[in-house]
Amino acid sequence: MIDETPVLDDHLHLDPDSHRGIDAVRDFARVGGTHLLVVNKPSWHLGVEAETGEDFREVFERTVEIVDEASNELAGRAWPVLGVHPGLVSRLVDD
(Lines give C-alpha, C1' and ligand atoms only; values in the text may rest on other atoms or scores of the structure.)
Protein backbone atom coordinates (compact mmCIF):
# COMPACT_ATOMS: atom_id res chain seq x y z
CA MET A 1 0.00 0.00 0.00
CA ILE A 2 1.30 3.45 -0.93
CA ASP A 3 1.41 5.97 1.89
CA GLU A 4 -0.87 8.89 1.04
CA THR A 5 0.65 11.27 3.56
CA PRO A 6 1.62 14.53 1.84
CA VAL A 7 5.33 15.33 1.82
CA LEU A 8 6.07 19.08 1.81
CA ASP A 9 9.40 20.79 1.27
CA ASP A 10 8.86 24.13 3.00
CA HIS A 11 11.83 26.05 1.59
CA LEU A 12 13.14 25.30 -1.87
CA HIS A 13 14.90 27.58 -4.36
CA LEU A 14 14.61 26.58 -8.01
CA ASP A 15 16.95 28.04 -10.59
CA PRO A 16 15.84 26.92 -14.05
CA ASP A 17 18.22 29.31 -15.78
CA SER A 18 21.57 28.56 -14.13
CA HIS A 19 21.25 25.42 -12.01
CA ARG A 20 18.49 22.91 -11.26
CA GLY A 21 14.89 23.71 -12.03
CA ILE A 22 12.20 21.25 -13.04
CA ASP A 23 14.67 18.35 -12.85
CA ALA A 24 14.94 18.97 -9.10
CA VAL A 25 11.14 18.89 -8.85
CA ARG A 26 11.01 15.62 -10.77
CA ASP A 27 13.60 14.09 -8.40
CA PHE A 28 11.59 15.30 -5.40
CA ALA A 29 8.38 13.79 -6.80
CA ARG A 30 10.15 10.54 -7.70
CA VAL A 31 11.14 9.98 -4.06
CA GLY A 32 7.63 10.74 -2.78
CA GLY A 33 7.51 14.52 -2.49
CA THR A 34 4.06 15.96 -3.14
CA HIS A 35 4.07 19.68 -2.31
CA LEU A 36 6.59 22.53 -2.47
CA LEU A 37 6.96 26.03 -1.14
CA VAL A 38 9.27 27.66 -3.68
CA VAL A 39 11.11 30.68 -2.33
CA ASN A 40 12.33 33.24 -4.84
CA LYS A 41 16.06 33.32 -5.40
CA PRO A 42 17.96 36.38 -4.22
CA SER A 43 17.49 39.03 -6.90
CA TRP A 44 21.21 39.34 -7.68
CA HIS A 45 21.36 35.61 -8.48
CA LEU A 46 19.02 36.36 -11.37
CA GLY A 47 21.04 39.37 -12.53
CA VAL A 48 18.79 41.97 -10.88
CA GLU A 49 20.32 44.53 -8.54
CA ALA A 50 17.12 45.67 -6.85
CA GLU A 51 16.88 49.24 -5.66
CA THR A 52 13.13 49.82 -5.82
CA GLY A 53 10.08 47.64 -5.28
CA GLU A 54 9.44 47.46 -9.01
CA ASP A 55 12.89 45.92 -9.50
CA PHE A 56 11.59 42.73 -7.87
CA ARG A 57 8.82 42.20 -10.42
CA GLU A 58 11.03 40.19 -12.82
CA VAL A 59 12.34 37.99 -9.99
CA PHE A 60 8.84 37.33 -8.65
CA GLU A 61 7.39 36.64 -12.10
CA ARG A 62 10.17 34.13 -12.84
CA THR A 63 9.45 32.37 -9.56
CA VAL A 64 5.72 32.16 -10.34
CA GLU A 65 6.52 30.71 -13.79
CA ILE A 66 8.67 27.91 -12.38
CA VAL A 67 6.08 27.22 -9.68
CA ASP A 68 3.41 26.73 -12.34
CA GLU A 69 5.70 24.24 -14.09
CA ALA A 70 6.51 22.51 -10.80
CA SER A 71 2.83 21.99 -9.96
CA ASN A 72 2.46 20.02 -13.19
CA GLU A 73 5.12 17.55 -11.97
CA LEU A 74 3.72 16.92 -8.49
CA ALA A 75 0.93 14.76 -7.14
CA GLY A 76 0.04 17.80 -5.02
CA ARG A 77 1.12 21.29 -5.97
CA ALA A 78 3.67 24.05 -5.45
CA TRP A 79 3.19 27.55 -4.09
CA PRO A 80 5.47 30.59 -4.51
CA VAL A 81 6.89 32.41 -1.51
CA LEU A 82 7.80 35.90 -2.69
CA GLY A 83 9.65 38.61 -0.84
CA VAL A 84 12.88 40.45 -0.27
CA HIS A 85 15.52 37.83 0.43
CA PRO A 86 17.12 38.31 3.87
CA GLY A 87 20.51 38.26 2.18
CA LEU A 88 19.63 41.50 0.41
CA VAL A 89 18.70 43.15 3.68
CA SER A 90 22.14 42.21 5.02
CA ARG A 91 23.82 43.57 1.89
CA LEU A 92 21.93 46.87 2.13
CA VAL A 93 22.70 47.27 5.83
CA ASP A 94 26.38 46.50 5.25
CA ASP A 95 26.54 49.10 2.45
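Student: Which residues does D15 touch, not counting residues up to four places away in sequence?
Tutor: This is a predicted model, and in it D15 is found in the loop between strand 1 and helix 1. Once residues up to four places away in sequence are set aside, the residues that D15 touches are R20, G21, K41 and L46.

Student: Is D15 buried or exposed?
Tutor: A residue counts as buried when its relative accessible area is under 20%, and as exposed when that area is over 50%. The relative accessible area of D15 is 4%, so D15 is buried.

Student: Which residue has its backbone nitrogen 3.0 Å from a polar atom of the side chain of D15?
Tutor: A polar contact is a pair of N or O atoms within 3.5 Å, and here one partner is a polar atom of the D15 side chain. The other partner, at 3.0 Å, is the backbone nitrogen of S18.

Student: Which strands of the open sheet stand at the edges?
Tutor: The open sheet has 3 strands in the order 1-2-3, with parallel pairing. Because each edge strand has a single partner strand, one side of each is left without a neighbour in the sheet, and the strands in that position are strand 1 (8–12) and strand 3 (78–81).

Student: What is the average twist from one strand to the next?
Tutor: The twist belongs to the open sheet of 3 strands, whose order is 1-2-3. Taken from one strand to the next, the twist averages 15°.

Student: In strand 3, what is the bridge partner of V38?
Tutor: Strand 2, which covers residues 35–39, runs parallel to strand 3 and is joined to it by 4 bridges. For V38, the bridge partner in strand 3 is P80.

Student: At about what angle does helix 2 run to strand 3?
Tutor: Helix 2, made up of residues 57–71, lies across both strand 2 and strand 3. Relative to strand 3, helix 2 runs at about 165°.

Student: Which element supplies the largest share of the largest nonpolar core?
Tutor: The largest nonpolar core holds 13 residues, and those touching the most other members are L14, V25, L36, V38, A70, L74 and A78. Helix 1 (22–30), strand 2 and helix 2 each supply at least two residues of this core. The largest share, 4 residues, comes from helix 1.

Student: Which residues is A70 in contact with, leaving aside its neighbours within four places in sequence?
Tutor: A70 is among the members of the largest nonpolar core that touch the most other members. Leaving aside the neighbours within four places in sequence, A70 is in contact with L14, I22, V25, L36 and A78.

Student: Where in the chain are the two residues of the salt bridge between E73 and R26?
Tutor: The side chains of E73 and R26 meet with an N to O distance of 3.3 Å. This pair links distant parts of the chain, 47 residues apart, with E73 in the loop between helix 2 and strand 3 and R26 in helix 1.

Student: Is R30, which forms a salt bridge with D27, exposed or buried?
Tutor: In the salt bridge between D27 and R30, the closest N and O atoms are 3.6 Å apart. Both residues lie in helix 1, 3 residues apart, which is about one turn of the helix. D27 is partly exposed at a relative accessible area of 30%, whereas R30, at 62%, is exposed.

Notes:
Residues are numbered from 1 along each chain as its sequence is written. This is a predicted model: local features need pLDDT of at least 70, side-chain atom pairs count only at pLDDT 80 or more; totals for chains, interfaces and linings use all residues. Side-chain values use heavy atoms; hydrogens and water are left out. Two strands pair if DSSP finds at least two bridges between them. Axes are lines fitted to C-alpha atoms, for helices over the stretch in contact, and angles run from 0 to 180 degrees between N-to-C directions. Contact means heavy atoms within 4.5 Å. A nonpolar core is a set of buried Ala, Val, Leu, Ile, Met, Phe, Trp, Tyr and Cys residues joined through side-chain atoms within 4.5 Å. Buried means under 20% relative accessible area, exposed over 50%, partly exposed in between (1.4 Å probe, protein chains only). A polar contact is a pair of N or O atoms within 3.5 Å; within protein, one must be able to donate a hydrogen and the other to accept it, and residues adjacent in sequence count only if both atoms are side-chain atoms. A salt bridge is a side-chain nitrogen of Lys or Arg within 4 Å of a carboxyl oxygen of Asp or Glu.
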